[in-house]
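Hello,

Here is the structure I promised to pass on. Please have a look at it first, and then read my notes below.

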Amino acid sequence: MIVFPQLTTGAGAQYPLVRRRRCTSVVNVLADGSTVAYADSTPRSNTWSLALRDLTDMEADSIQRLFETVEGRQGNFTFLDPAANLLAHSEELDNSCWNKDPMLQLNTGVDDPVGGRRAMSLVNSGQSVQNLSQTLNAPGWFGYAFSVYARSTANSALSLIRSGQSSTHARVFSLGPGWTRCVLSGALNVSDESVRFALELPAGASVDLYGIQAEAQPSASAYKATRDRNGVYSNARFDDDVLLSFADGPDQHRLDVRIVARD
């Protein structure tokens, strides 16, 4: 997998970070002067402007090697949007992108921690543990923060799991009636080109969930709801044929990088 690298801090970018999304519309002007407009079906264009500062020699070299490998704007690579939730359909857990074990029962319209009714109730009616998971075509060796707001009036437990083909990282959270943000963070020592994020409920458990999110960074940020698009772009490319690198001192570099991708 050819992928834009993470920094040694575990982050995918630095602030200020600028992300632009361009959409197009088609407008028909009728004979009487009125107009009819509708959204164009052309995929949306996304642009990220990354101002990277105080990079180490290793960080600057890894980006330079990627640029040379894809020959500037010529080739594609995988880019994980540093400002996005990497999970698709974060509030539609019955969508086909989610793998739900058969004994899990899902109910929507539950009061959430921000005053709405966008939370969901998940009940394990079986006699063994049940999982709800989503797998991403993203580097398994990256560091991720996997998070969800959860509560349980029955004081049930909830496990957060991040796994590759040969390694798993899990953490068990004991829940009460108040909302708690559960966070699992870290990196796996694997070379897998996919990563699985899962919620696991023991037999008979009942929990309310809100704000399921995965991010390629060390800690969780504010929740961002998603629909059909997650934050993994396998068709990203550089937007320039020249990558300028400036050395401000020993082991101290700066780069301005523009990346583009279509939905």
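These notes cover the cores, one sheet and the cavity.

A word on the basis: this is a predicted model, in which local features need pLDDT of at least 70 and side-chain atom pairs count only at pLDDT 80 or more, while totals for chains, interfaces and linings use all residues. Residues are numbered from 1 along each chain as its sequence is written, and side-chain values use heavy atoms, without hydrogens and water.

The largest nonpolar core (buried Ala, Val, Leu, Ile, Met, Phe, Trp, Tyr and Cys residues joined through side-chain atoms within 4.5 Å; buried is under 20% relative accessible area with a 1.4 Å probe, protein chains only) has 34 residues. Tyr-144, Phe-146, Leu-158, Leu-160 and Leu-199 touch the most other members. Among the strands (DSSP runs of E, at least two residues, numbered from the N terminus) that give two or more residues to this core are S10 (143-151) and S11 (157-163). A second, separate core of 23 residues includes Trp-48 and Phe-77.

Five strands form an open sheet in the order S6-S9-S14-S11-S12, with antiparallel pairing (strands pair if DSSP finds at least two bridges between them). Strands S6 (99-100) and S12 (168-174) stand at the edges, each with a single partner strand, so one side of each is left without a neighbour in the sheet. Lys-100 has Leu-132 in S9 as its bridge partner.

Finally, the largest cavity (points on a 1 Å grid over the protein atoms alone where a 1.4 Å probe fits but cannot get out; lining residues have an atom within 4 Å of a point) is lined by residues including Phe-4, Phe-79 and Phe-142.

Best wishes

Technical notes
Buried < 20%, exposed > 50% of the residue type's maximum accessible area, 1.4 Å probe, protein only. Helix = DSSP H or I, 4+ residues; strand = E, 2+ residues; numbered from the N terminus. 1 Å grid on protein atoms, 1.4 Å probe; cavity = no way out; pocket = protein on both sides within 12 Å on 5 of 7 lines; lining within 4 Å.
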